[in-house]
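Please look through the sequence and the structure shown here, and then follow the report below, which moves from single residues to pairs of side chains and ends with the chain as a whole.

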Amino acid sequence: MRRADGIALAFLAALAVASPLRAERPVLAPAPAVDAVPARKLETAIFAGGCYWGVEGLFSHVRGVRLAVSGFAGGPRGRRVDYEQVSQGDTGFAEAVRVTYDPRQVSYGTLLRIFFSVIADPTTLDYQGPDHGTQYRSALFPLNAGQDRAARAYLAQLGQSGLWRDPIVTRIEGFTGFQDADRHHQDFLTKNPRHPYIQRWDMPKLAALKAMFPAFYSDRPSA
């Protein structure tokens, strides 16, 4: 789904209101059996899971997350792209979010658990909710050996959990860099809580985050 400005954005908002669809069903994923050992006071993780408005918005409400930034990951190293290019679905990039977190408050494994419980469905190939295309795939981009080991172990754990009828299709991809999206796309949920897209697809996920992970939920979003 294209989220353009002006007339196109108004048209899409009307479609969101008219659509009978709702956000994906939350699933309480298991606690990770393998976690990454932190090496720094602040760690960074990269997640792709559909429209970055919701991914960024939900992670910003996780206690211990210091910064969540919308952007692009997964494409060729060194290539510069923008939202319009990525929206074509043929660049190799995915809408993604860079999460900076305090591992003393929340671990990489817990972020994975939250991601698959209330943010992204790991069984939908190249789409999440109403957004279809490779740019909306669910993917993890480990930044070190510990994250890679934890991510692979957790995807295997999800596959063995029996919580989903369909197979797990979330990808683990090599990290080739991260590009920030423009300012309009940053903190979109926080700035536009009544936007029809946010209301239909992301606010139910935020409510699920608060209900399912009260110890990790923060009413006040991070920067």
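## The annotated cysteine and its surroundings

C51 sits in the loop that runs between strand β1 (43–49) and helix α2. The model is a predicted one, and the UniProt record, in an unreviewed entry, lists C51 under "active site". With a relative accessibility of 6%, C51 counts as buried, because a residue is called buried when its relative accessible area is under 20%.

How many residues of helix α2 are buried? The helix is mostly covered, since eight of its eight residues are buried, and these are Y52, W53, G54, V55, E56, G57, L58 and F59.

## Aromatic rings

The rule for ring pairs gives a count of nine aromatic pairs. In one of them, the ring centres of Y52 and F72 are 5.8 Å apart and the ring planes stand at 50°, so the pair is classed as tilted. This pair links distant parts of the chain, as Y52 belongs to helix α2 (residues 52–59) and F72 to strand β2 (residues 65–73), with their positions 20 residues apart in the numbering. Y52 and F72 are both buried.

A pair of aromatic rings is described by how far apart the centres are and by the angle of the planes. Beyond single pairs, one aromatic cluster is formed by F47, F59, Y108, F115, F116 and Y154, and F59 is also listed among the buried residues of α2.

## A buried threonine in a loop

T91 is placed in the loop between α3 (83–86) and β3 (94–101). Is T91 buried or exposed? Its relative accessibility is 6%, and T91 therefore counts as buried.

A polar atom of the T91 side chain lies 3.1 Å from the backbone nitrogen of F93. When the neighbours within four places in sequence are left aside, the residues in contact with T91 are G75, P76, R79, Q85 and V86.

## Salt bridges

By the rule used for charged side chains, the protein chain has eight salt bridges. The table below gives some of them, with the distance between the closest N and O atoms.

| Acidic residue | Basic residue | Closest N and O atoms |
|---|---|---|
| D102 | R104 | 3.0 Å |
| D126 | R171 | 2.6 Å |
| D148 | R152 | 3.0 Å |

The partners D102 and R104 can be described by how much of each is accessible: D102, at 4% relative accessibility, counts as buried, whereas R104, at 67%, counts as exposed.

D126 forms its salt bridge with R171. That pair links distant parts of the chain, with D126 in the loop between α4 (108–119) and β4 (127–128) and R171 in strand β7 (residues 171–172), 45 residues apart. R171 has a relative accessible area of 29% and is therefore partly exposed.

Where do D148 and R152 lie? Both are in helix α5 (residues 145–161), four residues apart, which is about one turn of the helix. An α-helix has 3.6 residues a turn, so residues three or four places apart point the same way. D148 counts as partly exposed at 27% relative accessibility, and R152 likewise counts as partly exposed, at 46%. Elsewhere, salt bridges that share partners join R66, D102 and R104 into one network.

## Positive phi angles

D126, already met as a salt-bridge partner of R171, has a phi near 60°, which is a positive value in a residue other than glycine. D187, which is not a glycine either, has a positive phi of about 55°. D187 is found in the loop between β8 (178–180) and α6 (188–191), and its relative accessible area of 22% makes it partly exposed.

## The chain as a whole

Taken together, the secondary structure of the protein chain consists of seven helices and eight strands. Of the 223 residues in the protein chain, 51% are buried, and the chain exposes about 10,300 Å², of which carbon and sulfur atoms supply 55%. Among contacts between residues at least 6 apart in sequence, 81% join residues that are at least 24 apart.

Notes:
Residues numbered from 1 in each chain as written. Predicted model: local features only at pLDDT ≥ 70, side-chain atom pairs only at ≥ 80, totals over all residues. Heavy atoms only, no water. Helix = DSSP H or I, 4+ residues; strand = E, 2+ residues; numbered from the N terminus. Buried < 20%, exposed > 50% of the residue type's maximum accessible area, 1.4 Å probe, protein only. Contact = heavy atoms within 4.5 Å. Areas by Shrake-Rupley, 256 points an atom, 1.4 Å probe, with all protein chains shown as cover. Phe/Tyr/Trp six-rings, centres within 6.5 Å; stacked < 30°, edge-to-face > 60°. Polar contact = N/O pair within 3.5 Å; in protein donor to acceptor, adjacent residues only side chain to side chain. UniProt positions renumbered as here; feature names shortened; annotations may be inferred. Salt bridge = Lys/Arg side-chain N within 4 Å of Asp/Glu carboxyl O.
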